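Hi,

Here is the structure I promised to pass on. Have a look at it first, and then read my notes below.

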Amino acid sequence: MKRAHAALLAAVVVTTSAVVVAVAPIAISSDSDPKADLVEAIVDPAASLPDAEREAAYLQQLQSHAAARDEWVTEFEDSARSVTGMQTAELHVASLPPKTTLANAVASAEVVVRAVVEDLTFTPQTTIATLRVEDVVKGPAALPAALRISIGGGPEPDKTYTTGVLGIDPSMPFLYEGMAALLFLEAEPAASPMPVEYVVQAFTGTYLVDAGGAIHPHEGNPFGASVDGLSVKAFTDLIQRAR
Amino acid sequence: MRSVINAVIAAAVCVAADLVAFSVPATAAPPIAGGDCWRSATPLWCRGTFVRDEFLKIYTLDRFSDQRPNWGTAYSTSNSNWTGAYGPQTLTTYRRERDSWVFYEDSTTGKDGLRSVALATTWNCDYGGYCSRHAEPMIVRFSSIKLNRSTLSNDSGTLTTGTFAHETGHALGLAHHPTSTDLMYAGSNSATSPSSHNIGVLPPCSGSDTTTNAGNIRAGVRCIYKWKS
């Protein structure tokens, strides 16, 4: 019997040591690792459904969210809320490849203008910027003085559908009201349902003009380093030579 | 007295055994220093079905073939490239227990937030009815990748394959990478497979979170930990 006790006692000692070894890392990681609680999977109530019903449940969630998002963006616009000062978040959007040279960018642009953003209109599908055109570098002379274009980014609801974040399209900086820029604009395809005639060229279409009159290309512009900091006049001359 | 001691010892053994059973994952795999699935100290972003030290099982569903049957090769190549890469992720077109679903759907300009210069976007949905197409902390229930048939050609060329693989990276939790040749670069390029920028043994894999995402606390994560070889 004493032998049995000794064996049990040994088992306790061994097991307790194992517990100390096994539990300690978990305890440490729960302090430092925010994912420590993911040792267990989250139960998805749809997982027990037949595949077709599970898919229907997922699509229902997508559609419900889309409706709630559209309503939120529309309300954001209707109540004239401002995106200034909103927390930003990069959108999961992949865009067409950037033009590799200034000549390619100019050739691809139907219109190149120097303009100031006068107004923003937020729709569920895009943000529409109304520009006050100050100079037409390329394009029809009869271009309207106020031009409506599609730009990347816009307000997105957060999980509470009350506050939101400003989604940033990685292909261009967000154009806040009052910003001045040289913009390379491509024609919106005829079949597009977007209520605009032009869209900003991805990556190579935006050159913000700072208070000192220097232009700054967007990150990801392949030839950006060669034009960064040029004056509007010098950059405009380059554009004309590249045509 | 002896029976009391026996009972106490027996109870201690049971409690200890339970603790051991609780703390050890069902499927053992090489431990990962510093974190489990995604990069430690970045915003929380995991799939709810993922269990520490197991495979991340993604079930991919083709919901584009009726409009774009020629995208099939791009779809299968993307799946193969992600599964063949290091990391816990395995993507299949068949069901597995505790898998997580990703839909690949054709869309068009003017829908799903797609502009005429966009190739695709990815919506990740959580367990509370919310979906998001921007980088933010969340535990993902399923994903829906929307491919713009207005801008993607009707074939499985490099642009299409790269777009499938890039959006899959978003579904796996990755944010954009600033390197222009990387799969997770926001502008399309010739990359069709993840690299050491996207999957690594220890953070920061490659590239910095702080450069392009300074001041943006919802930046998402840059890389997946490697453990599967």
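Let's start with a helix. The buried residues of α2(A) are Y58(A), Q61(A), H65(A), R69(A) and V73(A). "Buried" means that 20 or more other C-beta atoms lie within 10 Å of a residue's own; 12 or fewer makes it exposed, anything in between is partly exposed, and the C-beta atoms are placed from the backbone. Helices (H or I, at least four residues) and strands (E, at least two) are DSSP runs, numbered from the N terminus.

Before going on, some housekeeping. This is a predicted model, where local features need pLDDT of at least 70 and side-chain atom pairs count only at pLDDT 80 or more, while totals for chains, interfaces and linings use all residues. Residues are numbered from 1 along each chain as its sequence is written, and chains are lettered from A and ligands numbered from 1 in the order in which they are written.

Back to the helix: what covers those buried residues of α2(A)? The cover includes β3 (111-122) and β6 (154-157) of chain A, and also β4 (100-107), β5 (118-125), β6 (131-132) and β8 (142-148) of chain B. The length of α2(A) checks out too: its 28 residues (51-78) should span 40 Å at 1.5 Å a residue (counting one less than the number of residues), and the end C-alpha atoms are indeed 40 Å apart. After α2(A) comes A80(A), with a positive phi near 55°.

Next, the core. The largest nonpolar core (buried Ala, Val, Leu, Ile, Met, Phe, Trp, Tyr and Cys residues joined through C-beta atoms within 7 Å) has 89 residues, and V112(A), I149(A) and L185(A) have the most contacts inside it. Strand β8 (residues 180-187) of chain A gives the largest share of this core, six residues. Two residues are in contact if their C-beta atoms, placed from the backbone, lie within 7 Å. Leaving aside neighbours within four places in sequence, L185(A) has contacts that include V111(A), I149(A) and Y198(A).

Now find E188(A), in the loop between β8 and β9 (198-200) of chain A. Is E188(A) buried or exposed? It counts as buried, because it has 22 C-beta neighbours inside 10 Å. Not counting residues up to four places away in sequence, E188(A) touches several residues, among them S150(A), M194(A) and S116(B).

There is also a small puzzle in chain A: three strands form an open sheet with mixed pairing, in the order β1-β7-β6. β1 (88-90) and β6 of chain A are at the edges with a single partner strand each, so one side of each has no neighbour in the sheet. Strands count as paired if DSSP finds at least two bridges between them; β1(A) and β7 (residues 164-168) of chain A pair in the parallel sense over three. One of the partners is I168(A) in β7(A), bridged to E90(A).

Finally, chain B, which has four helices and 10 strands. Of its 229 residues, 51% count as buried. Its mean pLDDT (the predictor's confidence in each residue, from 0 to 100) is 75, with 66% of residues reaching 70 or more. Over residues 1-44 of chain B the pLDDT is below 50, though this stretch has 76 contacts in the model beyond near neighbours in sequence. Where pLDDT is low, the predicted coordinates should not be read in detail. As for overall scores, the model has ipTM 0.83 and pTM 0.81.

Cheers
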